[in-house]
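These are my notes from an afternoon of going through one model, entry by entry. I wrote down what I looked up and what I found, in the order in which I looked.

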Amino acid sequence: MTYSIKQVSQITGLSIYTIRYYDKQGLLPFVKRDSSGYRAFTDADMSLIYTICCLKNTQMKIADIKQYIDYCMIGPESIEARKTLLLNHRAAVVKKQQALLEGLDEIDLKLSVYTDSNAKEIIGTMFTYLKEQ
């Protein structure tokens with residue numbers, strides 16, 4: 001089955017503009033054109049677009065996504081390069097995830113104070129202490 005760019009947009013939630021941008025950036029070299037010159041996306045293409053979206057959602061740079069797609073287009077010989085690229089990206093994502101969790105812990109701590117039945121007293125005491133310092 002093939003999909004038009006409009007159908008791909010509806011399925012993925014990507015705008016048509018974004019899909020065209022990705023194509024111009026070299027992220028969609030696997031997408032063929034029909035006899036009228038329109039992009040004709042296949043189920044296999046949709047799978048790679050899903051991967052592109054996942055990488056983008058984890059803040060991988062477009063240049064790195066292009067490198068990954070280029071490796072994919074080479075075939076099995078590029079497995080080690082793909083693995084290295086993804087391992088490096090994974091490490092960066094885990095580092096960001098840990099920073100987000102630390103921030104979330106601080107937010108939860110503040111919320112627990114603000115939702116405490118004695119919030120005004122607690123904050124008042126903290127405020128007085130900070131002013132005296």
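Which residue in the hairpin of strand 2 and strand 3 takes a positive phi? I found that G37 does, with a phi near 90 degrees, in a hairpin that has 5 residues between the strands. I note at the outset that this is a predicted model, and I read every value below as computed from it.

**Entry: the sheet**

From the hairpin I went on to the sheet, which is open, has 3 strands in the order 1-3-2, and shows antiparallel pairing. I checked the edges and found strand 1 (2-3) and strand 2 (32-33) there, each pairing on one side only. Strand 2 is joined to strand 3, residues 39-42, by 2 bridges, and the two run antiparallel; within this pairing I looked up K32, whose bridge partner in strand 3 is A40. Strand 1 also pairs with strand 3 over 2 bridges in the antiparallel sense, and here I noted that Y3 has F41 in strand 3 as its bridge partner.

**Entry: the nonpolar core**

F41 came up again when I turned to the largest nonpolar core, which has 23 residues and in which L28, F41, I49 and I52 have the most contacts. The elements that give two or more residues to this core are helix 1 (5-12), helix 2 (16-24), helix 3 and helix 4. I then listed the neighbours of L28, leaving out residues up to four places away in sequence, and found that L28 touches I19, Y22, D23, F41, I49 and I52.

**Entry: salt bridges around D23**

D23 stood out in that list as a charged residue to follow up, and I therefore searched the whole structure for salt bridges, which gave 5. The side chains of D23 and R33 meet in one of them, at 3.5 Å from N to O. This pair links distant parts of the chain, with D23 in helix 2 and R33 in strand 2, 10 residues apart. R33 itself is partly exposed, with a relative accessible area of 48%.

The side chain of R39 also meets that of D23 in a salt bridge, with 2.8 Å from N to O. R39 lies in strand 3 and D23 in helix 2, so this pair ties together parts that are 16 residues apart in sequence. Is R39 buried or exposed? I found R39 at 17% relative accessibility, which counts as buried, the cut-off for buried being under 20%. Taken together, D23, R33 and R39 are linked in a network of salt bridges.

**Entry: a salt bridge within helix 5**

I next looked up E106 and K110, whose side chains meet in a salt bridge at 3.7 Å from N to O. Being 4 residues apart in helix 5, the two are separated by about one helical turn. E106 counts as partly exposed at 40% relative accessibility, and K110 likewise counts as partly exposed, at 34%.

**Entry: the nonpolar patch**

Which residues form a nonpolar patch on the surface? I listed L101, L104, I107, L111, Y114, I123 and M126, which together have about 640 Å² of accessible area. Helix 5 (79-114) and helix 6 (119-132) each supply at least two residues of the patch, and the largest share, 5 residues, comes from helix 5. I looked more closely at M126, which lies in helix 6 and is partly exposed, with a relative accessible area of 38%. A residue needs over 30% relative accessible area to be part of a patch, and M126 at 38% meets that requirement.

**Entry: V93**

I also looked up V93, which lies in helix 5 and is partly exposed, with a relative accessible area of 26%. I then took the separation between V93 and P76, which are 17 residues apart in sequence and 25 Å apart in space, C-alpha to C-alpha.

**Entry: Q59**

My last entry returns to backbone angles. Where is Q59 found? Q59 is in the loop between helix 3 (43-57) and helix 4 (62-74), and its phi is positive, about 65 degrees, although Q59 is not a glycine. Most residues other than glycine have a negative phi, and for that reason I marked this entry for a second reading. At 52% relative accessibility, Q59 counts as exposed, the cut-off for exposed being over 50%.

Key:
Residues numbered from 1 in each chain as written. Predicted model: local features only at pLDDT ≥ 70, side-chain atom pairs only at ≥ 80, totals over all residues. Heavy atoms only, no water. Patch = residues over 30% accessible without salt bridge, like charges linked within 9 Å, V, L, I, M, F, W, Y side chains within 5 Å. Areas by Shrake-Rupley, 256 points an atom, 1.4 Å probe, with all protein chains shown as cover. Salt bridge = Lys/Arg side-chain N within 4 Å of Asp/Glu carboxyl O. Buried < 20%, exposed > 50% of the residue type's maximum accessible area, 1.4 Å probe, protein only. Core = buried A, V, L, I, M, F, W, Y, C linked by side-chain atoms within 4.5 Å. Contact = heavy atoms within 4.5 Å. Pairing = 2+ DSSP bridges.
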